[in-house]
Amino acid sequence: MKKLYFLAALCAFTSTIFAQQKSETDSTIVKKSNNDTIRIGSILIIKKNKRSNNDSMTIIKDGSEVKRNKKTSTNYFIVDVGFANWDDQTNYSPTPSNIINRPGTPGFNGEDLKLRGGKSANVNLWIFMQKIKLAKENVNLKYGLGVEWHNYNFRSQTSFRESGILPNGSGLGTNAPFIFRDSISFSKNKLNLKYVSVPLMLNFATNKKKGTPRLSASIGVSAGYLIRERNKQNSNDRGKQKNQGDYDLERFKFSYIGELGLGPVRLYGSYSPKSIFEKGLNIRPYALGVRFSNW
């Protein structure tokens, strides 16, 4: 009889141990109900904002909700549209080394490089921009990768060439790239520059408040590499021409950059403190426009 009682007690004890182990195991089972929701026992994790990759997670445990935001967020395909211009600090006396004056014509001067401000444009496509939180959501580090297009529309007859041969076939005795005042007028005369660029900025933002637009400001630098330079011209005499080549422009472009945002509206600006030409001309470009971004 004692043996029977002992066996019954042992069975009850063993059943209790197995039940506890089973309960503990069940509470740690991961059940993924869909792409945005994960259940770990009694804990439910909900991932939000998947489309913009500005991810956050809501963790529900024992009926209470706790939000955990990721430290890093990414924004893809940001577009800038703005105006381009430059600050000409060239000394035209004596004539810069990359300027050629045609015989019998007045000397080349600053008026020859004046731009049509309303028709000179800057368009940028940032493939991605990433933001890392440094101090909650108020101080962030922003960086990215993209392509910049700068289109400078001239008022004058300025032309760019790779060698010392004028459009009429006459030689100028030079094999170096040069700039000169052409003999005809153009209905369209542009210098188009294309860069691959990497921006790096420190971002400051106010706290999020319901019903109040958030103010943000960013300041930093950008490094660009020139991948195309082209002089595009339209005229009655020569028709449409695209003279693509090497005009002795600097391969690398360093710029100071900034961004100012109020809610969904964002303005951007850039300024290069160094000339974009390797020699002769001292031309420092800048741009200002609107940025289409969701943060």
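Helices and strands here are runs assigned by DSSP, with at least four residues for a helix and at least two for a strand, numbered from the N terminus. Counted that way, the chain has one helix and 16 strands. What you see above is a predicted model, so please keep that in mind throughout.

Some totals for the chain to begin with. There are 295 residues, and 36% of them count as buried. Take the contacts between residues at least 6 apart in sequence: 62% of these join residues at least 24 apart.

Now the aromatic rings. How many aromatic pairs does the structure hold? The count is eight. One of them is Y92 with F108, with 6.5 Å from centre to centre and 35 degrees between the planes, and this pair is tilted. Why tilted? Planes under 30 degrees apart would be stacked and planes over 60 would be edge-to-face, so whatever falls in between is tilted. Both Y92 and F108 lie in the loop between β6, residues 72-88, and β7, residues 121-135, so the pair ties together parts that are 16 residues apart in sequence. Y92 counts as buried because its relative accessibility is 18%. F108 is buried too, at 4%.

A second pair is F254 with Y256. Their ring centres are 5.5 Å apart and their planes stand at 80 degrees, so this pair is edge-to-face. F254 is partly exposed, with a relative accessible area of 40%, and Y256 is also partly exposed, at 46%.

There is also an aromatic cluster, made up of W86, Y152, F154, F160 and Y247. One more ring to point out is that of Y195: the charged end of K253 sits over this ring, 4.9 Å from its centre.

Next, the loop between β13, residues 239-244, and β14, residues 252-262. D248 is found there. Is D248 buried or exposed? It is buried, because its relative accessible area is 12%, and the cut-off for buried is under 20%. The side chain of D248 makes a polar contact with the side chain of K279, at 3.5 Å. Setting aside neighbours within four places in sequence, D248 is in contact with P177, E229, F277, E278 and K279. The backbone of D248 deserves a look as well: phi is positive, about 65 degrees, although the residue is not a glycine.

G245 lies in that loop between β13 and β14 too. With a relative accessible area of 19%, G245 is buried. Not counting residues up to four places away in sequence, G245 touches E162 and E229. E229 also appears among the contacts of D248. The C-alpha atoms of G245 and F160 are separated by 9.0 Å, while the two residues are 85 apart along the chain. F160 is one of the residues in the aromatic cluster.

From the loop we move into strand β14, where E259 lies. E259 counts as buried, at 5% relative accessibility. Which side chain does the side chain of E259 make a polar contact with? The partner is K142, at 3.0 Å. Leaving out neighbours within four places in sequence, the contacts of E259 are K142, S216, A217, S218, R266, L267, Y268 and R291.

R291 brings us to the cavities. There are two of 30 Å³ or more, and the largest has a volume of about 120 Å³. Its lining has 16 residues, and those nearest the centre are W126, I257, G269, S270 and R291. Which strands supply at least two residues each to that lining? They are β7, β11, β14 and β15, with β11 covering 188-205 and β15 covering 265-271. The largest share, four residues, comes from β14.

Last, two more details of the backbone. S93 and P94 are joined by a cis peptide bond, with omega at about 5 degrees. P94 is found in the loop between β6 and β7, the loop that also holds Y92 and F108. The other detail is K136, in the loop between β7 and β8, which runs over 139-153. K136 has a positive phi, near 50 degrees, and is a residue other than glycine. K136 counts as exposed because its relative accessibility is 72%.

How values were computed:
Residues are numbered from 1 along each chain as its sequence is written. This is a predicted model: local features need pLDDT of at least 70, side-chain atom pairs count only at pLDDT 80 or more; totals for chains, interfaces and linings use all residues. Side-chain values use heavy atoms; hydrogens and water are left out. Rings of Phe, Tyr and Trp (its six-membered ring) pair if their centres lie within 6.5 Å; planes under 30 degrees apart count as stacked, over 60 as edge-to-face and the rest as tilted. Buried means under 20% relative accessible area, exposed over 50%, partly exposed in between (1.4 Å probe, protein chains only). A charge sits over a ring if NZ of Lys or CZ of Arg is within 6 Å of the ring centre and within 35 degrees of the ring normal. A polar contact is a pair of N or O atoms within 3.5 Å; within protein, one must be able to donate a hydrogen and the other to accept it, and residues adjacent in sequence count only if both atoms are side-chain atoms. Contact means heavy atoms within 4.5 Å. On a 1 Å grid over the protein atoms alone, a cavity is a set of points where a 1.4 Å probe fits but cannot get out, and a pocket is an open set with protein on both sides within 12 Å along at least five of seven lines; lining residues have an atom within 4 Å of a point. Grid points are joined across faces, edges and corners, and a volume is the space filled by probe spheres set on the points.
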